[in-house]
Amino acid sequence: MSEKRILVVEDEPSLAEVVSLYLKRAGFQVQIASDGKQAMNILEKQIPDFVILDLMLPEVDGLSLTRWLRDRSDVPIIMVTARREEIDRIAGLEMGADDYVVKPFSPQELVSRVRAVLRRIGREQTGAESERVLSYDSITVNPLTRAVMVRESQIDLTAKEFDMLHLLARHPKQVFTRDQLLERVWGGAEYIDPGTVTVHVRRLREKLETDPSSPKHLLTVWGVGYKFEP
Ligand code: CA
């Protein structure tokens, strides 16, 4: 899975820079458009995974841009507004933003909102898929009973170990970075040590693998992250 691409539409360069910095640090790819027209040019070529949109913009304002974009795409949008009263306007117009923040806002708060919207959408999209029993060669993962069978015997996993295995096994061969695993398994909680992922991978290997020091299923992709090999 590649990094999610976010388009930040913001005409204040310093604010755009700060937001971009925080988003990049959170593992997103960021592109900046400094007015509505430029945003349209970018969006016409390619729709990103997420749009953060300032309401008051030169050329084409945020409301018109949102309406224009909604005719073309369901891409999640977080609206940035400068004043409290603008929220009523947004709510009244029901113009299709998924969330909004009011200036001045903390960039970290914005990152949390982005993650929350992505999680919500991810849950909606994978609802049915995530309940399927996964059966591979020697490993069976049942998300409904949360039971894992390895070579015919059931193994005991902690809740997070199960969630991580289930995520990886649901997307065989797909590489997940540590940040993505933190995000998807731990919900992107800021206080989780990234080393937690390494520890959980090690414990999972001890429970799953015939030889944990030479794993066949839970593989490290050096410099990137981890993947499940069926
Ligand atoms: Ca503005």
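Q: Which protein donors does the calcium ion have?
A: Asp11 (OD), Asp54 (OD) and Met56 (O), lying 2.1 to 2.3 Å from the ion. Donors are N, O and S atoms within 2.8 Å of the metal, or 3.2 Å for Na, K and Ca; water is not among the atoms, so sites may look incomplete.

Q: Ground rules for the model?
A: This is a predicted model: local features need pLDDT of at least 70, side-chain atom pairs count only at pLDDT 80 or more, and totals for chains, interfaces and linings use all residues. Residues are numbered from 1 along each chain as its sequence is written, and side-chain values use heavy atoms, without hydrogens and water.

Q: How are the calcium donor residues spaced in sequence?
A: D-x42-D-x1-M. Asp11 sits in the loop between strand E1 (5-9) and helix H1 (13-25). Met56 is in the loop between strand E3 (50-54) and helix H3 (62-70), 45 residues apart from Asp11. Helices (H or I, at least four residues) and strands (E, at least two) are DSSP runs, numbered from the N terminus.

Q: Is Asp11 buried or exposed?
A: Partly exposed, at 30% relative accessible area. Met56 is partly exposed too, at 43%. Buried means under 20%, exposed over 50%, partly exposed in between (1.4 Å probe, protein chains only).

Q: New topic. What does Val197 touch?
A: Beyond its neighbours within four places in sequence, Val197 is in contact with Met164, Arg178, Leu181, Leu182, Trp186 and Tyr226. Contact means heavy atoms within 4.5 Å.
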